[in-house]
Amino acid sequence: MQVLHLDKVTKTFGQLKALDQVTLSVAPGEVYGFIGPNGAGKTTAIRVLMGILQATNGRATLFGQDAWQHAVELHKRVAYVPGEVNLWPNLTGGEVIDLFVRLRRGSKTRYEDELLERFDLDPTKKCRTYSKGNRQKVALVAAFASDADLYILDEPTSGLDPLMEEVFQQCVAEVKAQGKSVLLSSHILSEVEKLCDKVSIIRQGHIIESGSLQELRHLTRTFVSAKTARPVPSLADNPHVHDLSQQGDSLSFSVEVPHLGEVLSLLHQHGINSLECMPPTLEQLFMSHYEREG
Amino acid sequence: MRGLFHGTSHLVRFILRRDRTRIPLWVLGLSAFMVALVPVFQNLLLTGEGNSVFAMMMENPAMVALVGPVYGAANFHTGAAYANMMLVFCVIFVAVMNIFLITRHTRADEEAGRVEMIRSLPVGRLASLGAAQLTAFFTNLLLALLTSLGLYLLRGTGMDLSGCLLFGFALFASGLVFAGITSIACQLTANNRTATGLALGVLMLMYLLRAAGDITAAEALSLLSPIGLATRTQVFVNNYAWPVLVMLLEAGLLVVLSWWLAQRRDVGQGLIPAFPGTRHASKSLSTPLGLALRLTRTTALVWAYALFFLAGTYASVFGEMEGFLNNNPLLKAMFATNPDFGVTEQFISLLNAVMIMLGMVPILTTLQRVVTEERAGHAEHLLGRSVSRFEQLGAYALIALVMSVVYPLLIALGFYVVGSLVYPQTPGLSTFLISAYAYVPAVWVFIGLFLALAAFLPRQVPLGFAYLGFTFFSIYLRRIANLPDWLRKLTPLGHVPQYPLEKISPAPLLVLCAIAATLTLLAFIGYRKRDVQTQ
């Protein structure tokens, strides 16, 4: 059974189609990356999953149950951090965390104090004095302090400094180690790359690519830079080689991944002095999708 | 010393640019309000016997506590009455304007990190504070001149040029005192909200000091307060200028003190460190209702006190009202036409209607929170946890319901307790209670309406307030404007029996209850079916 499943979910706001036939599933124990630029529909999809918005068409389920109908019951097993964390200005951070943990009505908080220390958050301050990063920390502490089966995190690190991002990544790794599932929406690709088993890319309400990072990398090109003993004239004619530049004995180009072997053997015939192959980063993956779609 | 204020004039221009609509709105709005009421006083105060009765009414200790001492009662002309009724409130408005003007351009800018940017430029350390104070000076001056001119143009009996100028400059000087007080509050506290709160607290204290000084033998207390000092000008009666000079001196000392203090603190800090808040939530903060209570309790309690005291203030003049109305045929024709009942009894239902409508303001803003909490992104935290729509809507509905039942009790008690102290012929408590509680079903219709708006038309909740405005017009102002009676039938309050003039008939009240129940039921069904409003 899937922990989380969107089945051809469409959501319209008046004329605007925010989600168009979005399908996505997260299996138990999986950390799932949900990436796309601002306004692509990540937050809308998550709000449908949280029963905050109702799908116009299609079905959203958590643990096999309808996300809208059974929201209250289901949320006992889910920890959620919204994309824009707005808190009550005249409550302290500590009060908000307590309130959040109590409202989940799930099992009791286990290491709230430890989390506060790790995230370096002063819970005695009023929320009005918190920066965006600190408000996010409040939501993250409340989320990770709860014993949930599924963590739905909507761009949780957009206000955190690099040190705190590190702490966040540790927390995700810890819940993953406990066999919990995580849906992590982000536009910080290095983070998704580091944490996620699987990725879906969303753009203008459509899922344009899904799969493991390995699978997605097959769709793109590997970047090669090399020095050869003799020039390689036939490289320019190879249909699988792109962006070629040659300066003296150094070459750089990108090559379609399925044809990497045959191109390398071509280089080998001309005597390789140095060779560097770089797998595509998620950034490149992302950009190439955008270019292709125009 | 010069280096400390380097760049002040540039910053003043910058403030004027940022506030190019705000300052004119304050100045024009306040002066227009003050000036526009002069003809109202002139028309209501017919010469002769009525004026001395009016002066007598104003000399009642409750009224003195509210608006200040009466001067020139022997010849209570328009000017004397106007100064008596208006000056204290005008000073309060001007003080509020100054408090917001100073905090906005000092502490609020500091909190937003804007002062840091300014300080990185070649400007003096006191330039930001000085620029805010200089802007306040010019704003108050403009307000004083416009008000003086306007008062003189529309002048009523007894309002000569020197009086009009003195009225304006009493506002000017008291405004500067509050600008100074706020400047100091901004140095003491560590953030904008506490600074504003402290300054408003001092304003309230000054009002209370004046009230205490005015009704007791300890008049010195009034002289400690700028509000009290302003009334001591006895403007339009004796036109004393010395209180203005005293206030100007005080303002100067306060401003210099604020400069001295400002140099003894760091940017972003206050001389009094911020207190840490509580680490853990109390037991009550565990449910949606607990949270809703926490968010609304202050407003609910402040309004509860205010309604009780306002009812008491009305009641304090029950005795004089009879005489006053008998001497003012215009008002008598408007409010007291039934010869079978005493003036007070004829007034009870209308007074209750006014108080109930006032009390609806906090009730309806509580219900509006259902939507504002969604818009602010707060409701998402609750509904994303194990909280049902029913609990969320129910929390605010329940608080509104409790307020709607408690406020009429406080209103009736306010009328009865104070009324029976000052006027032996005050009707019994049950009369006030029945008259006030007769309005509760109509209030419930409004509660049902607001719940339904929140459920079905969340963007249109302000329409509900427009309907309350119309209700106030059709119930109360309609009488003054002499418009047809059927207008009041367009609002739930118009169907409430006017006890004790009319008997309580259950039919209209039951219909109102049924409408309220239907709207509420629909709201609870509809709220489960709609998307949460997001930014």
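**Entry 1: salt bridges between the chains**

I began with the charged pairs that join chain B to chain A, and in this predicted model I found 5 salt bridges between the two chains. One pair that I looked up is formed by Glu112(A) and Arg279(B), whose closest N and O atoms are 3.5 Å apart. I noted that this counts as a salt bridge because the rule asks for a side-chain nitrogen of Lys or Arg within 4 Å of a carboxyl oxygen of Asp or Glu.

I then looked at polar contacts across the same interface, and the rule gave 29 residue pairs, with both residues of a pair at pLDDT 80 or more. On the chain B side that touches chain A, the elements that give two or more residues are α14 (288–316), α18 (379–383), α19 (389–422) and α23 (506–529). I sorted that side of chain B by class and wrote down 11 nonpolar, 15 polar and 13 charged residues.

**Entry 2: extent of the interface**

Next I asked how many residues each chain brings to the contact, and I noted 40 residues from chain A and 39 residues from chain B. The size of an interface is often given as the accessible area lost when the parts come together. For chain B and chain A I recorded a buried area of about 3500 Å², with carbon and sulfur atoms giving 50% of it. Within chain B, the residues that lose the most area to chain A are Arg279(B), Arg385(B) and Ser386(B), which together make up 22% of what that side buries. I marked Arg279(B) in my notes, since this residue is in that group and also forms the salt bridge with Glu112(A).

**Entry 3: salt bridges over the whole structure**

I widened the search to the whole structure, and it returned 27 salt bridges over all chains. One of those I looked at lies within chain A, where Arg118(A) pairs with Glu174(A) and the closest N and O atoms are 2.9 Å apart. This pair links distant parts of the chain, with Arg118(A) in helix α4 (residues 112–119) and Glu174(A) in helix α6 (residues 162–177), 56 residues apart.

**Entry 4: the second largest pocket**

I turned to the second largest pocket, which holds about 940 Å³ of space. Its lining has 32 residues, and those nearest its centre are Thr129(A), Ala190(B), Asn191(B), Ala274(B) and Phe275(B), so I noted that both chains contribute to the lining. The elements that give two or more residues to this lining are α6 (107–111) and α10 (192–215) of chain B. By class I wrote down 10 nonpolar, 13 polar and 9 charged residues for the pocket lining.

**Entry 5: cavities**

Last, I looked for enclosed spaces, and the count came to 4 cavities of 30 Å³ or more. The largest cavity has a volume of about 110 Å³, and of its 13 lining residues the closest to its centre are Pro69(B), Tyr71(B), Ala83(B), Asn84(B) and Thr231(B). Helix α5 (residues 78–105) of chain B gives the most to this lining, with 5 residues. Which classes of residue make up the lining of the largest cavity? I noted 9 nonpolar and 4 polar residues, and no charged ones.

The second largest cavity has a volume of about 60 Å³, and among the residues that line it are Tyr439(B), Arg478(B), Arg479(B) and Arg488(B). At least two lining residues come from each of α17 (343–375) and α22 (461–481) of chain B. By class, the lining of this second largest cavity has 5 nonpolar, 2 polar and 3 charged residues.

Notes
Residues are numbered from 1 along each chain as its sequence is written. Chains are lettered from A and ligands numbered from 1 in the order in which they are written. This is a predicted model: local features need pLDDT of at least 70, side-chain atom pairs count only at pLDDT 80 or more; totals for chains, interfaces and linings use all residues. Side-chain values use heavy atoms; hydrogens and water are left out. Contact means heavy atoms within 4.5 Å. Buried area is the accessible area (1.4 Å probe) that two parts lose on being put together, summed over both. A polar contact is a pair of N or O atoms within 3.5 Å; within protein, one must be able to donate a hydrogen and the other to accept it, and residues adjacent in sequence count only if both atoms are side-chain atoms. Helices (H or I, at least four residues) and strands (E, at least two) are DSSP runs, numbered from the N terminus. Ala, Val, Leu, Ile, Met, Phe, Trp, Tyr, Cys and Pro count as nonpolar, Asp, Glu, Lys and Arg as charged, and the others, Gly among them, as polar. On a 1 Å grid over the protein atoms alone, a cavity is a set of points where a 1.4 Å probe fits but cannot get out, and a pocket is an open set with protein on both sides within 12 Å along at least five of seven lines; lining residues have an atom within 4 Å of a point. Grid points are joined across faces, edges and corners, and a volume is the space filled by probe spheres set on the points.
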